[in-house]
Amino acid sequence: MKKFTLTFLFAFVCSIGFAQKSKIDSLLMKIDQTEDIKELQLVTGELTSTPEGAFALLKKGKQDLQKAEKAGLAKKQQVALILICDAAFQLHDAPELLTDALKGIRICHDTNDAAFLHHFFHFAGLANIYDRNFHRAVNYFSLSTMASLASKDIESALGTYSDMESCYANLNMPDSALIIARREFALLKQLGGREKPGYHNMAM
């Protein structure tokens with residue numbers, strides 16, 4: 001009876017592991033089918049919520065980056081760096097996150113392609129939050145909001161404003177936090193009362 005129970009438990013654990021791997025593989029395949037940042041966010045969000053998903057995303061991002069660099073494809077480099085930054089954020093790997101965010105910023109400037117620029121500025125700010133360098137984080141978040149508003153991405157700007165408020169709270173600067181909160185409220189009204197997004201917001 002004991003042997004049967006152990007065999008059953010082993011088979012059960014293996015089936016769970018196989019199901020998780022199948023889900024991860026399926027989500028990784030979906031990433032290859034789009035370069036749209038909104039769709040990528042949905043897929044990577046589901047992937048990183050899966051056990052071992054963040055590690056799989058980090059591995060894929062680095063592999064894709066290597067291929068894109070070899071082929072000289074700037075857009076695919078940006079996508080790969082978004083994947084790496086997303087994974088590094090989930091894994092709380094501040095050095096990796098900052099290094100790759102800065103790479104992404106440089107590529108955006110070099111190619112005059114600002115589609116992903118505000119995301120890379122935001123990731124750089126998050127990396128500095130992990131290091132508790134709140135002043136520098138605010139600087140990157142300010143750049144992120146300017147890039148978001150320039151591209152009319154109000155939802156991303158709202159998420160970044162929320163992170164800026166948290167930074168000012170940690171810096172004991174309530175007046176600055178209030179100014180940002182008012183800007184956030186003004187933008188939120190432009191969305192017509194839709195629910196405020198929370199993409200990569202850091203709870204302090």
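This is a short guided tour of a predicted model, with a suggestion at each stop for what to select and what you will find there.

**Stop 1: the whole chain**

Start with the protein chain in cartoon view. Its secondary structure comes to nine helices and zero strands, so the pattern along the sequence reads α-α-α-α-α-α-α-α-α. Now colour by burial if your viewer allows it: of the 204 residues, 44% count as buried. How much of the contact in this chain links residues 24 or more positions apart? Among contacts with a separation of 6 or more, such pairs account for 59%.

**Stop 2: helix α3**

Select residues 53–71, which form helix α3. Try a distance between the C-alpha atoms at the two ends: they are 27 Å apart. That agrees with the expected span, because 19 residues at 1.5 Å a residue should also cover 27 Å. Next, show the side chains of the buried residues of α3, which are G53, A54, A56, L57, L58, K60, G61, D64, L65 and A68. Then step just past the helix to G72, where phi is positive, at about 70°.

**Stop 3: L83 in helix α4**

Move on to L83, which is found in helix α4. Is L83 buried or exposed? Its relative accessibility is 0%, so L83 counts as buried, the cut-off for that being under 20%. Setting aside residues up to four places away in sequence, L83 touches I31, L40, T44, L57, K60, G61 and D64. Four of these names may look familiar from the previous stop: L57, K60, G61 and D64 are among the buried residues of α3. For another distance to try, pick the C-alpha atoms of L83 and D100: they are 17 residues apart along the chain and separated by 9.9 Å.

**Stop 4: α4 against α6**

Keep α4 (residues 74–90) selected and add helix α6 (residues 117–130). Two packed helices are described by the angle between their axes and the distance between the axes. Here the angle is about 25° and the axes are 11 Å apart. Angles under 35 degrees count as roughly parallel, so α4 is roughly parallel to α6. The crossing of α4 past α6 is left-handed.

Which residues make the contact? On the α4 side, show Q78, L81, I82, C85, D86 and F89. On the α6 side, show H119, F120, F123, L126 and Y130. Sorted by class, the contact has eight nonpolar, two polar and one charged residues.

**Stop 5: helix α8 and S156**

Now select residues 154–170, helix α8. From its first C-alpha to its last, this 17-residue helix reaches 25 Å, close to the 24 Å expected. Helix α8 is mostly covered, with 13 of its 17 residues buried.

Zoom in on S156, which lies in α8. With a relative accessibility of 11%, S156 counts as buried. Leaving out residues up to four places away in sequence, S156 touches K38, H118, H119 and S148. You have already met H119, one of the α6 residues in contact with α4. Before leaving, look at N172, which follows α8 and has a positive phi near 55°.

**Stop 6: L178 in helix α9**

Finish with L178, in helix α9 (residues 174–190). Its relative accessible area is 42%, so L178 is partly exposed. Finally, select E165 as well: the C-alpha atoms of L178 and E165 are separated by 7.8 Å, and the two residues are 13 apart along the chain.

Terms used:
Residues numbered from 1 in each chain as written. Predicted model: local features only at pLDDT ≥ 70, side-chain atom pairs only at ≥ 80, totals over all residues. Heavy atoms only, no water. Axes fitted to C-alpha atoms, helices over the stretch in contact; angles between N-to-C directions. Helix = DSSP H or I, 4+ residues; strand = E, 2+ residues; numbered from the N terminus. Parallel < 35°, antiparallel > 145°, perpendicular 65-115°, else oblique. Left-handed = near helix turned anticlockwise from the far one by under 90°. Contact = heavy atoms within 4.5 Å. Nonpolar A, V, L, I, M, F, W, Y, C, P; charged D, E, K, R; others polar. Expected span 1.5 Å × (residues − 1). Buried < 20%, exposed > 50% of the residue type's maximum accessible area, 1.4 Å probe, protein only.
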